[in-house]
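Student: Could you take me slowly through one chain of this model, beginning with how far the predictor trusts it and then looking closely at a single helix?

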Amino acid sequence: MRIEKFLMASACLLLAGLSHAGPRIEHWTTPTGARVYFVASDALPLLDVQVDIPAGSAQDPQGKSGVAAITRGLLDAGVEAAGSAADEEALDEEKIAGRVVDLGIKFGGGVDGDRSSLSLRTLSDPEQRNGGLALMRRLLAAPSFPEAVLAREKNRTIAALQDAQTRPGTVLSRRFGAALYGEHPYGRSASVESVAAITRADIVAFHRNNYSANGAVISMIGNISRAEAEGIALDLAAALPSRAPAAAVPAVAPAEMQTLRIPHPSAQAHIAIGMPAVKRSDPDYYALLVGNYTLGGGGFVSKLMQEVREKRGYAYDVHSYFAPRKLEGPFQIGLQTRREQTDDALKVVHEVLASYLKTGPSAAELKAAKQYYIDGLSLRIDSNAKLLGYLSAIGFYDLPLTYIDDYPKLIGSITAEQVRAAFASHVQENRLVTVIVGVEEK
Amino acid sequence: MKSVSAISALLLGLTLSLSAHANPYEMQLRNGLRVIVKEDHRAPTVVNMIWYRAGSMDEKDGYSGVAHALEHLMFKGTQKYKSGEFNRIVAAAGGNDNAFTSRDYTAYFQIVPKRALPKMMELEADRMQNLAFTKAEFASEIKVVMEERRMRTEDNPHALVYEAMNASAFKAHPYRRPVIGWMNDLENMSWQDAMNWYKDWYTPANAYVVIVGDVNKDEVFKLAEKYYGGIKSRPLPVRKPQLEPEQKGIKRVTIKAPSTLPYLAMAWKVPKLADVDKDVDPYALEVLAGVLDGHDAARFARTLVRETRVAQSAGAGYDGTLRGESLFYLDGQPGEGRSVAELEAALRGELSKIQEQGVDEAELKRVKVQLVASQVYKRDSMMAQAMEIGGIEAAGFHWRDIDRLLEKLKAVTAEQVQAVAKKYFSDDVLTIATLDPQPVDPKASAKPSVPLKH
């Protein structure tokens with residue numbers, strides 16, 4: 001009941017106004033260089049394991065956007081034989097799918113700009129757990145990437161992309177990414193042409209070059225002992241050969257101010273405003289997080305929501321956020337509004353932003369934002385699934401093991417001046433990119 | 001936030017439950033309000049939900065969307081707390097709150113550190129009886145709801161198909177109306193319409209509270225008495241059954257919208273769960289949906305998507321625990337070079353196979369393994385547990401039925417699955433809705449469209 005005790009203790013400490021005690025995170029590195037983060041929790045008969053590989057869509061070869069995603073997507077399309085024993089035979093996609101279902105396990109994960117992830121959720125009794133882990137290991141170590149499955153999945157991906165590109169929201173996110181990042185890998189997204197160009201050799205090479213133990217992060221939470229966790233980590237890391245780290249992604253160039261108006265017959269204009277803004281490792285991130293709560297992150301209490309939705313009824317959804325990555329992830333304001341009132345809504349958004357950049361949060365607003373993040377911490381770590389996300393982020397972004405413990409103090413220390421300064425250096429009105437999808441055809 | 005979930009009833013129907021302890025606990029106040037508490041002491045947090053048995057199926061023609069619009073207006077303040085104060089108090093506690101409206105119910109929730117629970121209960125009790133939105137607030141908020149409809153439905157071809165399918169399948173039953181409401185009804189809705197809805201349905205005897213988290217049930221019951229105990233219940237409007245007359249022949253409807261892939265949705269009228277112990281067919285229908293599309297090794301994914309590739313995607317669903325009438329759905333998008341007609345034939349073909357050859361024990365077992373595993377996984381989320389309790393209650397059952405439902409599902413035999421496949425899938429009770437893809441740029445020359453079978 002370790003987690004439970006820690007969480008209970010944390011609530012008492014919080015009430016007493018003392019520092020927060022998060023779950024006890026155990027950390028070690030495997031001989032092959034995988035960094036392991038583990039929390040023992042016997043509250044439920046579950047085990048969650050996630051492996052993060054430090055190569056995401058930003059590592060896609062030029063002209064072949066989609067390689068990272070397809071590689072990850074095809075891990076369960078087949079595995080090579082692991083040996084001559086009966087349980088080591090090669091498995092095709094049907095056998096893998098059947099085994100997953102018979103074990104009652106779930107594989108999850110995916111790909112973002114910076115990483116590829118494979119996660120496993122299993123009941124912790126030995127049959128399911130060992131079966132699930134053995135399968136996970138084989139998916140990572142020896143995927144066979146059958147040519148026929150690749151061809152089929154390329155076709156399905158292309159069909160889905162073509163269809164998605166008729167939706168205003170998809171058009172917006174693709175055009176916005178491209179406008180923000182230009183030729184930088186963060187600005188690319190898979191297209192019909194790029195997916196069509198992908199060959200099995202590209203997939204095999206991406207796996208071989210990037211699915212490597214050094215740089216990988218293994219996160220675990222569940223009712224297993226430290227010794228068992230060490231065995232699991234060793235086994236998973238052994239599935240990933242040690243290789244030289246992937247080539248670094250080039251630096252992000254500042255965006256040029258521009259406005260793109262893209263015709264679409266949609267009922268609403270779908271709008272995004274923003275710029276490349278902040279790295280996850282930037283100490284300013286916390287001031288931006290806290291400050292953004294008041295601007296557009298805090299749901300109904302934010303200024304954008306108040307001015308655009310509550311006072312004027314211009315939109316159902318209006319928000320702003322920072323999405324930090326290894327390199328400068330975007331600051332983004334998003335909304336959808338009836339196309340006839342696009343300019344009116346945009347005017348309000350710009351006024352709110354300009355005024356906030358000038359004044360920053362009031363004392364009361366800053367206090368409310370800090371209160372939200374500090375008092376809500378217990379909600380963000382109240383399940384194994386949520387804690388697994390923290391373990392993975394702590395590992396992947398090299399955050400301190402005491403991150404959860406330190407968080408209230410860190411957030412609590414932020415001043416209005418820090419918020420203003422952080423916004424001034426990361427969000428500049430004269431660099432903002434605006435994309436509007438859903439304007440009248442000229 | 002404040003979102004419509006037209007298919008949540010369907011999802012709940014697919015995820016029935018198990019809770020093997022003395023937990024939950026319940027009590028009823030003298031005014032009729034029931035309070036259900038499930039103690040879960042893993043973390044110092046709590047989910048507070050209140051469910052009103054008032055959804056879009058309780059609306060009348062011309063007033064569609066009023067249940068959902070009122071859900072929005074419930075955040076506009078009371079005599080005691082001004083507009084937006086509710087959200088501010090929840091946020092200041094570090095919590096999150098939201099609400100959702102379905103065909104059967106409207107539910108509100110806050111997820112908060114446990115010390116904030118008394119305040120949440122006070123706020124919910126307050127807005128149950130003292131709601132005070134102004135005409136100006138109504139006028140502004142109804143515009144927000146119209147934007148929501150544009151976002152969720154007008155610009156979403158699959159949502160348009162789903163809406164058209166329900167509107168065609170049901171001509172008398174209120175499930176024909178979309179939860180979000182028809183645009184013209186929203187344009188003509190008045191402050192008085194919304195206020196009438198509130199006065200008609202927001203009364204303790206028509207509601208129940210579900211609380212899951214690190215709480216003591218006796219303390220929660222005392223708080224419930226304190227905050228809700230003094231509220232008087234009013235009689236509810238008469239609910240007419242509005243049963244759908246027997247369908248006598250296939251119905252087809254087409255929606256044109258920008259897209260490249262066609263989309264097909266088929267819905268058969270089938271029985272819903274009425275008697276937890278005596279019924280057999282609803283459980284067998286749910287297992288049938290699982291055999292077709294319950295997991296990645298199920299028949300649709302294996303055969304239609306991976307083997308014959310007649311489908312880009314294919315799904316099956318059954319919605320058996322609800323207040324209204326049930327449909328069994330199949331849907332999908334045709335694969336590359338395949339037509340909607342071929343997809344329709346393939347979906348029907350999978351049903352025929354089960355009608356003729358039945359299902360084998362191994363695939364039956366797989367569906368049951370998924371059921372059992374998902375029940376354990378659900379315990380990792382307090383919100384999932386609260387939704388499970390609230391959802392089964394909304395359909396008119398008792399949370400104690402959750403375990404029984406799971407036992408009944410586990411007892412379904414291959415013969416029962418084959419029997420329901422044979423019994424219910426006549427064309428005479430079928431409705432088919434199809435998306436006919438249109439170019440984004442109407443001036444661009446349309447690709448020769450995949451032929452539609454009519």
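Tutor: In this predicted model, chain B has an average pLDDT of 93, and 93% of its residues score at least 70; pLDDT is the predictor's confidence in each residue, on a scale from 0 to 100. Residues 1-20 of chain B stay under 50, and for them the model has 76 contacts beyond four places in sequence, a contact being heavy atoms within 4.5 Å. Residues 446-454 of chain B also have a pLDDT below 50, and this stretch has 17 contacts in the model beyond near neighbours in sequence. For the complex, the predictor gives an ipTM of 0.91 and a pTM of 0.92.

A few conventions help in reading what follows. Residues are numbered from 1 along each chain as its sequence is written, while chains are lettered from A and ligands numbered from 1 in the order in which they are written. Local features need a pLDDT of at least 70, side-chain atom pairs count only at pLDDT 80 or more, and totals for chains, interfaces and linings use all residues, while side-chain values use heavy atoms, with hydrogens and water left out.

The helix to look at is α13 of chain B, which covers residues 361-378; helices (H or I, at least four residues) and strands (E, at least two) are DSSP runs, numbered from the N terminus. With 18 residues, α13 of chain B reaches 26 Å from its first C-alpha to its last, close to the 26 Å expected at 1.5 Å a residue, where the expected span is 1.5 Å times one less than the number of residues. At the N-terminal end of α13(B), B:D360 acts as a cap, with a side-chain oxygen 3.2 Å from the backbone nitrogen of B:A362.

Among the buried residues of α13(B) are B:L364, B:V367, B:L371 and B:V376, and also B:E363, B:K368 and B:K378; buried means under 20% relative accessible area, exposed over 50%, and partly exposed in between (1.4 Å probe, protein chains only).

For a residue outside this helix, turn to B:Q242, which sits in the loop between α9 (217-228) and β8 (251-258) of chain B. Its relative accessible area is 33%, so B:Q242 counts as partly exposed. Although B:Q242 is not a glycine, it has a positive phi of about 50°.

How values were computed
A polar contact is a pair of N or O atoms within 3.5 Å; within protein, one must be able to donate a hydrogen and the other to accept it, and residues adjacent in sequence count only if both atoms are side-chain atoms.
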